[in-house]
Amino acid sequence: MYEISFQTLSDRLFKDTPWPSVDAVAHYVDNDQVFCLLYREMWFRHLYARLSPTLKQRIDSWDNYCSLFQVVLHRVVNMQLPNQWLWDMVDEFVYQFQSFCQYRAKMKNKTEQEIALLRQFDQAWNVYGVLNYLQAFVEKSNIIQILEQEKEGIEQFTATDGYDYSGGSNVLKVLGYFSMVGLLRVHCLLGDYQTGLKCLLPIDINQQGVYTSVIGSHITTIYHYGFASLMMRRYVKAIREFNKMLLYIYKTKQYHQKSPQYEQILKKNEQMYALLAICLSLCPQTKLVEETVNSQLREKYGEKMARMQRYDDEAFAIYDELFSYACPKFITPSAPSFEEPLVNYNQDAYRLQLKLFLYEVKQQQLLSGVRTFLKVYSTISLGKLANYMEVDEPTLRTILFSYKHKTHAVDSDGKIISNADVDFYIDDDMIHVVESKPVKRFGDYFLRQIVK
Amino acid sequence: MSTQIVARILVKACLSSSLYLFRIMYQLGSRLGYVVPNAFFSFFPPAFLQALMAMPAPDFSLCLFLIPERVQMEEQFKTLIVLSHYLETGRFRQFWDEAAKNRHIVEAVPGFEQAIQTYAIHVLSLTYQKIPRPVLAEAINIEGLSLDKFLEHQAANSGWILEKGHGRGQLIVLPRNEFNHPELKKSAADSVPLEHITRIFPILG
């Protein structure tokens, strides 16, 4: 009923209008508190999707989330809800927070009434409040311990898709689980990529899990994981995950054509292709990309990728264009100052992330040239290479040091991992080139066949 | 809570690599209307120096993602960003020159010089099997007798070997690792995580 009927009724009866207010329906459900809170959550979700919420409605929606989450966190909730619904709740909660921050940051044309409301309800959609609720779900649900115990065979969670078949409720556990993805998303919006990835650590994205049971959750997880990895220079990880996700969408999108999220799926698909183009331009590891994905990528961005690797002014413009298209809608979470002249600051966060990203691209400008020569030679002296690159030897050394540093990232365990497609070492003044060979993995394949 | 206390907590948060905590405290400072520059920023450079000292870890870049642009335009930050740029692009000579011009900043944190030397040696170890003495000297900013002592210490404790180069002075043989000796690279195809193996234990049993 949730997945189909609500959408059908919305399309047929409430295309451009809100659903009936909760006061109009409450007596039909004996004023059941939980029902009313859930209904109101969907009421606001419909409002955001089809209409434009006023400031008062945004604040009321926040109040509703607070009431609903307090019930889930502090009372015994005796029901099972579909995973789709629970994911939509977390997803919408973060979306409305993001939307509020964007709205609030456009101060220039705010009316006096709006400013008065913002001052009065300064706790609404406060960043600490949002993070605290998501964190509270994670902690109160014990989901991290549950996932740990599942590995030891003591608990069952993934096997039942999070549902409780022994008479209990899945609500808190699954909200806790999806909140980890919610936290990853919020931290990415704030530019805190390291913390975002830490929040996702309990979920093994190399395996199927509850996060893959809902397409929206699956895409959101991988998109933000890949983006955070890109910003932390873990290009190989980003490429691997984008590749898997894009292949999955390619194979399964036909089954979601009638879903209300179909357009979002397509949008995220296009954004991930743009991010993959960026990753592969900075870290040419096309061997990591499946043929189907590669051919789609060439069609969409083949020409742009060739130009990006020239690292001239046009290249930076293309990096700018793709990043701006594909990046999350960054936010500045702090409240505006009401004393100063009112200005719009909604673009500040995005401009900072873009600036720092392009700064990183600029630092890698000379690496492409080195790569070109290293592919051609098996050994070459420093003097000769310096000559070909039209730089002096000390400058060449700094380029080679930079190449090594930029292609060897630090992973979450503090280990050095190589992103380099072409590598080298130097013996005195002679460069020896090492081309990485694709690694054939047989172990996982045999394990899967044995389990079958 | 005084500005000084907030600033100290922020520095501590940055030092503990808790960027999330850092962000919360920074926003808290802004929201409570403290005068953010001046007294606050007197504590900032040391915190960011600590982030630079963590290289090759990207702590400094991660901090920059969180600090508003207008704050990064402050003079002390600009110097740190320049220092970071030199380290990120392997320009050790330029780094040491710039650090010498800004001793009042870099001397604020004990162990800063040694930490950067450690990072420089890390980059050299990724790059060189055998490195000429002048290249090493420039990267770690040690020369003459001090460098001799340093090399003796590394030879005794870290497996460095000193060789004579081909009439061009000393060559230092750096310890072998998978990045400067590719034959040492463990084939990923040989390893299967234990968690994957546990799936077939019931069958093997």
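Start by selecting Lys268(A) and Tyr223(A): the charged end of the lysine sits over the tyrosine ring, 4.4 Å from the ring centre. (A charge sits over a ring here if NZ of Lys or CZ of Arg is within 6 Å of the ring centre and within 35 degrees of the ring normal.)

Before moving on, a word on what is loaded. This is a predicted model, so local features need pLDDT of at least 70 and side-chain atom pairs count only at pLDDT 80 or more, while totals for chains, interfaces and linings use all residues. Residues are numbered from 1 along each chain as its sequence is written, chains are lettered from A and ligands numbered from 1 in the order in which they are written, and side-chain values use heavy atoms, with hydrogens and water left out.

**Colour chain A by confidence**

pLDDT is the predictor's confidence in each residue, from 0 to 100. Chain A averages 91, and 97% of the residues score at least 70. Which elements mark the two ends of the scale in chain A? Helix α11 (residues 215-231) of chain A has the highest mean, 97, and helix α20 (residues 443-451) of chain A the lowest, 66. (Helices are DSSP runs of H or I, at least four residues, and strands are runs of E, at least two, numbered from the N terminus.)

**Colour chain A by domain**

Now paint residues 1-210 as domain 1, 233-334 + 342-365 as domain 2 and 377-448 as domain 3. These bounds come from an automatic or database domain assignment. The C-alpha centres of domain 1 of chain A and domain 3 of chain A are 46 Å apart.

**Aromatic pairs**

Rings of Phe, Tyr and Trp (its six-membered ring) pair if their centres lie within 6.5 Å; planes under 30 degrees apart count as stacked, over 60 as edge-to-face and the rest as tilted. Across all chains there are 38 such pairs. Select Trp62(A) and Trp125(A), a tilted pair with 5.0 Å between centres and 55° between planes. Trp62(A) is in helix α4 (residues 55-74) of chain A, and Trp125(A) is in the loop between α6 (112-120) and α7 (127-141) of chain A, so the pair ties together parts that are 63 residues apart in sequence. Buried or exposed, for Trp125(A)? Trp125(A) is buried, at a relative accessible area of 0%, and Trp62(A) counts as buried at 7%. (Buried means under 20% relative accessible area, exposed over 50%, partly exposed in between, using a 1.4 Å probe and protein chains only.)

Next, pick Phe100(A) and Tyr103(A). Their ring centres are 6.3 Å apart with the planes at 40°, so this pair is tilted. Both sit in helix α5 (residues 83-104) of chain A, three residues apart, which means about one helical turn separates them. Both are buried. Add Lys110(A) to the selection: its charged end sits over the ring of Tyr103(A), 3.9 Å from the ring centre.

For a wider view, show Tyr193(A), Phe227(A), Tyr311(A), Phe316(A), Tyr319(A), Phe323(A), Phe330(A), Phe357(A) and Phe65(B), which ring pairs link into a cluster.

**Salt bridges**

A salt bridge is a side-chain nitrogen of Lys or Arg within 4 Å of a carboxyl oxygen of Asp or Glu. There are 27 over all chains. Go to Arg45(A) and Asp88(A), whose closest N and O atoms are 3.7 Å apart. Arg45(A) belongs to helix α3 (residues 33-50) of chain A and Asp88(A) to helix α5 of chain A, so the bridge ties together parts that are 43 residues apart in sequence. Arg45(A) counts as buried at 14% relative accessibility, and Asp88(A) is buried at 11%.

Then jump to Glu321(A) and Lys304(A), bridged at 2.5 Å, N to O. Glu321(A) lies in helix α15 (residues 313-326) of chain A and Lys304(A) in helix α14 (residues 291-308) of chain A, so the pair ties together parts 17 residues apart in sequence. Glu321(A) is partly exposed at 38%, and Lys304(A) is partly exposed at 22%.

While you are on helix α14 of chain A, select Val293(A) there too. Val293(A) is buried, with a relative accessible area of 1%.

To take in both chains, show Arg233(A), Glu360(A), Lys406(A) and Glu88(B), linked in a network of salt bridges.

**Over to chain B**

Select residues 48-165 of chain B, which an unreviewed UniProt entry annotates as "domain: CSN8/PSMD8/EIF3K". (UniProt positions are given in the numbering used here, feature names are shortened, and annotations may be inferred rather than shown by experiment.) That stretch is 71% helix and 8% strand, with its end C-alpha atoms 40 Å apart.

Last stop: Glu107(B) and Arg103(B), in a salt bridge of 2.8 Å, N to O. Glu107(B) is exposed at 54%, whereas Arg103(B) is partly exposed at 37%.
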